[in-house]
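Student: I have a structure open on my screen. Could you show me how to read it, one feature at a time?

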Amino acid sequence: ILLFDEILAVGDVGFQKKCMEKIFQLNKEGRSIILVTHSPEQVRDLCSRCVVFDNKTIIFDGDAAKGVEIYLN
């Protein structure tokens with residue numbers, strides 16, 4: 001299980017691109033990845049499941065597309 005906590009919030013564009021390529025590779029290999037992010041695009045591109053928190057409370061746990069919808073509203 002790999003945990004990435006806001007990894008793309010730091011670094012330049014080249015670093016971010018390199019990180020995303022590695023995450024996509026690990027995802028294709030079937031690795032379990034926990035991605036902590038505020039990026040709906042990353043969730044849409046990488047995740048099958050999404051957990052949305054509000055003030056330390058889980059308000060949604062399920063399909064990534066639905067989680068993004070809830071996060072954006």
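Tutor: Let us go through the strands, the helices and a hairpin in turn. Keep in mind that this is a predicted model.

Student: Let me start with strands. Which way do strands S1 and S2 run, and how many bridges join them?

Tutor: Look for the bridges, then compare the directions of the two strands. Strand S1, residues 2-5, and strand S2, residues 33-36, run parallel and are joined by four bridges. For one pair to find on screen, take Phe4, whose bridge partner in S2 is Leu35.

Student: What unit do S1, helix H1 and S2 make?

Tutor: Follow the chain from strand to helix to strand. Here S1, H1 (residues 13-28) and S2 form a β-α-β unit, and this unit is right-handed.

Student: How far apart are the end C-alpha atoms of H1, and what should its residues span?

Tutor: This is a nice check to do with a ruler tool. H1 has 16 residues, and at 1.5 Å a residue they should span 22 Å; the end C-alpha atoms are 22 Å apart, so the two values agree.

Student: Which residues of H1 are buried?

Tutor: To judge this, use the relative accessible area: under 20% counts as buried, and over 50% as exposed. By that test, Cys19, Met20, Ile23 and Leu26 are the buried residues of H1. They cover an arc of only 125° around the axis, so they sit on the same side of H1. Turn to the other side of H1 and you will find Val13, Lys17, Lys18 and Lys28 exposed.

Student: And what do the buried residues of H1 pack against?

Tutor: They pack against S1, S2 and helix H2, which is 40-46. Gln42 is a good residue to look at in H2. With a relative accessibility of 13%, Gln42 counts as buried. Leaving out residues up to four places away in sequence, Gln42 touches Leu8, Met20, Leu35, Thr37 and Cys47.

Student: What should I look for at the two ends of H1?

Tutor: Check side chains at the start and backbone angles after the end. At the start of H1, a side-chain oxygen of Asp12 comes to within 3.3 Å of the backbone nitrogen of Gly14. After H1 comes Gly30, with a positive phi near 85°.

Student: Which residue caps the N-terminal end of helix H3?

Tutor: That is Asp63, with a side-chain oxygen 3.2 Å from the backbone nitrogen of Ala65. Within H3, residues 64-72, the buried residues include Ala64, Gly67 and Val68. These three cover an arc of only 100° around the axis, which puts them on the same side of H3. Among the elements covering them are H2, strand S3 (49-54) and strand S4 (57-63).

Student: Do S3 and S4 run parallel or antiparallel?

Tutor: Antiparallel, with six bridges joining S3 to S4. One pair to find is Val52 and its bridge partner in S4, Phe60.

Student: How many residues lie between the strands of that hairpin?

Tutor: There are two residues between the strands. Asn55 lies in this loop between S3 and S4, and its phi is positive, near 55°, although it is a residue other than glycine. Lys56 is found in the loop as well; it is not a glycine either, and has a positive phi of about 70°.

Student: Are Asn55 and Lys56 buried or exposed?

Tutor: Use the cut-off again: exposed means over 50%. Asn55 has a relative accessible area of 69%, so it is exposed. Lys56 is at 81% relative accessibility and therefore counts as exposed.

Methods:
Residues are numbered from 1 along each chain as its sequence is written. This is a predicted model: local features need pLDDT of at least 70, side-chain atom pairs count only at pLDDT 80 or more; totals for chains, interfaces and linings use all residues. Side-chain values use heavy atoms; hydrogens and water are left out. Two strands pair if DSSP finds at least two bridges between them. A crossover is right-handed if, with the strands pointing away from the viewer, the path from the first strand over the helix to the second runs clockwise. The expected span of a helix is 1.5 Å times one less than its number of residues. Buried means under 20% relative accessible area, exposed over 50%, partly exposed in between (1.4 Å probe, protein chains only). The arc is that of the directions from the helix axis to the C-beta atoms. Contact means heavy atoms within 4.5 Å. A polar contact is a pair of N or O atoms within 3.5 Å; within protein, one must be able to donate a hydrogen and the other to accept it, and residues adjacent in sequence count only if both atoms are side-chain atoms.
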